[in-house]
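Biologist: I should like to learn how the features of a structural model are read. Could we work through one case together, beginning with a strand pairing?

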Amino acid sequence: MKQRLSFLRQIFPHSLGGQLLAMLLLALAVTQGLGLLLLTDERNRAVRAALGLEAAGRAANVVLLLDDAPADLRPSILRAADSPLVRFELGAEPEAPHTSSDADVVLRQIRQILGEPEREVRADVHALAVDPFPTPDGMPEAMRPMHEAMMAGRTDPVEMTLSIRLAGGEWLNVRTMFHRPGLQLSPQALLPLLLMAVAVALVAWWTARRVVGPMRVLSVGADRLGRGLETDPLPITGPAEVRDTTQAFNRMKDRLTRFVNERTHMLAALSHDLRSPLTAMRLRIEMLDETEDSNRLKALVEEMQAMVEATLEFARGVAKAEPTATVDLTSMLTDLVNDVGGDRATLAPIDPLFATIRPHALNRALRNLIDNAVRYGGVAKVTLTQEPGTVIISIADKGPGLPDDQLEAVFEPFMRFESSRSRDTGGVGLGLAIARTIIQAHGGSVLLRNLPDHGLEAVVHLPLGEA
């Protein structure tokens with residue numbers, strides 16, 4: 001069962017247009033199939049009723065002839081009335097044991113033709129559980145080929161037995177067989193169904209195009225907004241629900257863009273305004289005599305100055321939208337490994353791999369990751385692999401790693417790997433924050449994980465599409 005469901009999921013269309021078309025065609029097939037079954041059943045009932053009434057009419061007319069004909073003509077009349085499916089016989093006893101409920105219409109037909117409501121008539125209708133269609137008992141050999149040709153391929157036989165008392169006291173026993181008419185399909189019958197299927201397909205295509213087009217534009221716009229790229233307001237098209245969704249997205253985009261710009265500009269302004277008092281403090285400290293307190297105060301001011309400069313750099317990096325370009329990531333990583341790590345950084349050999357990125361921003365992010373690996377782990381082993389639609393950059397070191405509860409916390413601004421608070425060993429704690437911001441702006445992700453044997457690994461996922 002699970003394999004069947006999995007197979008159905010694979011063959012079932014994944015797009016909205018394909019699913020809409022498949023569901024409409026399925027509904028059309030089900031409704032037309034049920035309609036065909038109902039019409040076929042009704043047709044079978046009508047044909048059987050017509051055959052039964054035709055046999056009843058023949059039997060009633062034969063009774064009228066037998067009542068008025070001399071005894072020596074009765075055999076001739078019976079032979080003339082016989083056919084491959086209707087047999088007429090005279091007997092002293094009725095062959096129909098009783099009257100079944102399905103034969104009421106037949107009885108009314110016979111009594112109406114005879115004009116004698118009191119005439120004793122019996123009729124029994126029952127299905128024959130045999131296949132192929134049986135040959136009536138006592139059928140002359142001359143009629144057998146005709147009967148077999150008429151019944152070829154027909155099933156579901158029904159037998160009707162009539163017993164009508166004659167005026168002289170004898171019984172006319174009539175046996176006849178009906179069959180279920182075969183399914184008759186012709187090009188003329190299939191043409192309306194084909195035209196209906198074409199019409200449904202056209203309606204589904206037009207509806208899907210009207211809905212899927214704006215939804216695809218909305219998807220692209222949401223992806224660009226998530227990467228921090230500038231996007232024009234999306235066109236308001238499609239059904240009312242899609243138009244409302246597009247309008248809500250445009251309003252959300254304007255609010256988010258305004259919010260991010262205001263916060264980034266505020267951060268940059270605050271950092272810039274701190275430069276003047278910090279510069280004045282440094283000048284006053286330089287005028288003081290060199291003591292232990294003045295040296296410590298000078299170190300604190302320099303640390304504050306470095307944090308302000310890093311904050312300004314971070315704010316400028318977030319606010320600035322660099323144009324995208326198609327770049328060979330293999331060549332970029334090769335240059336970074338040579339510049340940052342020297343002989344302590346290696347790159348696994350790989351063929352050229354091109355991606356559409358913002359080169360300077362991504363270069364800065366990867367430089368921070370490689371520099372951290374070399375600084376805290378001694379070495380940086382860089383690998384570049386590709387999956388469908390995604391490129392994966394792994395940067396592993398041989399350091400002590402990090403506690404599991406800090407693997408995410410170190411991406412927060414001003415969070416540092418080590419606790420010495422020395423700018424020479426720990427920086428100001430914005431490197432990883434800047435790296436994650438840049439990578440997420442490309443629509444990617446970065447995470448840290450401890451290696452099983454020893455060391456820490458930074459894993460970067462980047463989409464290969466347009467950034």
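**Reading a sheet, a helix packing and a cavity**

Modeller: Let us begin with a single pair: the bridge partner of T383 in β9 is S394. The model is a predicted one. The pair belongs to the antiparallel pairing of β8 and β9, which extends over seven bridges.

Biologist: What takes a positive phi in the hairpin of β8 and β9?

Modeller: Two residues lie between the strands of this hairpin, and G389 adopts a positive phi near 80°.

Biologist: To which strand is β9 joined by seven bridges, residues 390-396 being matched with residues 456-463?

Modeller: The general idea is that strands of a sheet pair through backbone hydrogen bonds, in either a parallel or an antiparallel sense. Here, β9 is joined to β11, and the two strands run antiparallel. Individual partners may be read off: T390 is bridged to P463 in β11, and I393 to V460 in β11.

Biologist: In what order do the five strands of the open sheet stand?

Modeller: The order is β6-β8-β9-β11-β10, and the pairing is mixed. At the edges stand β6 (345-347) and β10 (445-450); each has a single partner strand, so one side of each lacks a neighbour in the sheet. On average, neighbouring strands of this sheet are turned by 20° against each other, direction ignored.

Biologist: How many of the seven residues of β9 are buried?

Modeller: Buried denotes under 20% relative accessible area. Six of the seven residues of β9 are buried, so this strand is largely enclosed by the rest of the structure. For the chain as a whole, 36% of the 467 residues count as buried.

Biologist: Which helices lie across strands of the sheet, and at what angles do they run?

Modeller: Helix α11 (residues 359-377) lies across β8 (380-387), β9, β10 and β11, and its direction is at about 30° to β9. Helix α13 (residues 431-441) lies across β10 and β11, running at about 135° to β10. The chain has 13 helices and eleven strands.

Biologist: What share of the contacts between residues at least 6 apart in sequence joins residues at least 24 apart?

Modeller: The share is 69% in this chain.

Biologist: Let us turn to empty space. How many cavities of 30 Å³ or more are counted?

Modeller: The general idea is that rolling a probe the size of a water molecule over the atoms shows where empty space is left. In this model the count is one cavity of 30 Å³ or more. The largest cavity holds about 30 Å³ of space.

Biologist: Which residues line the largest cavity?

Modeller: The lining consists of R282, I285, E286, K298, V301 and E302. Helices α8 (275-287) and α9 (292-319) each contribute at least two residues to this lining. By class, the lining has two nonpolar, no polar and four charged residues.

Biologist: One loop position remains. Is D232 buried or exposed?

Modeller: D232 is exposed, its relative accessible area being 65%, where exposed denotes over 50%. This residue is found in the loop between α6 (187-226) and α7 (240-273). The C-alpha atoms of D232 and N250 are separated by 8.9 Å, the two residues being 18 apart along the chain.

Note on methods:
Residues are numbered from 1 along each chain as its sequence is written. This is a predicted model: local features need pLDDT of at least 70, side-chain atom pairs count only at pLDDT 80 or more; totals for chains, interfaces and linings use all residues. Side-chain values use heavy atoms; hydrogens and water are left out. On a 1 Å grid over the protein atoms alone, a cavity is a set of points where a 1.4 Å probe fits but cannot get out, and a pocket is an open set with protein on both sides within 12 Å along at least five of seven lines; lining residues have an atom within 4 Å of a point. Grid points are joined across faces, edges and corners, and a volume is the space filled by probe spheres set on the points. Helices (H or I, at least four residues) and strands (E, at least two) are DSSP runs, numbered from the N terminus. Ala, Val, Leu, Ile, Met, Phe, Trp, Tyr, Cys and Pro count as nonpolar, Asp, Glu, Lys and Arg as charged, and the others, Gly among them, as polar. Two strands pair if DSSP finds at least two bridges between them. Axes are lines fitted to C-alpha atoms, for helices over the stretch in contact, and angles run from 0 to 180 degrees between N-to-C directions. Contact means heavy atoms within 4.5 Å. Buried means under 20% relative accessible area, exposed over 50%, partly exposed in between (1.4 Å probe, protein chains only).
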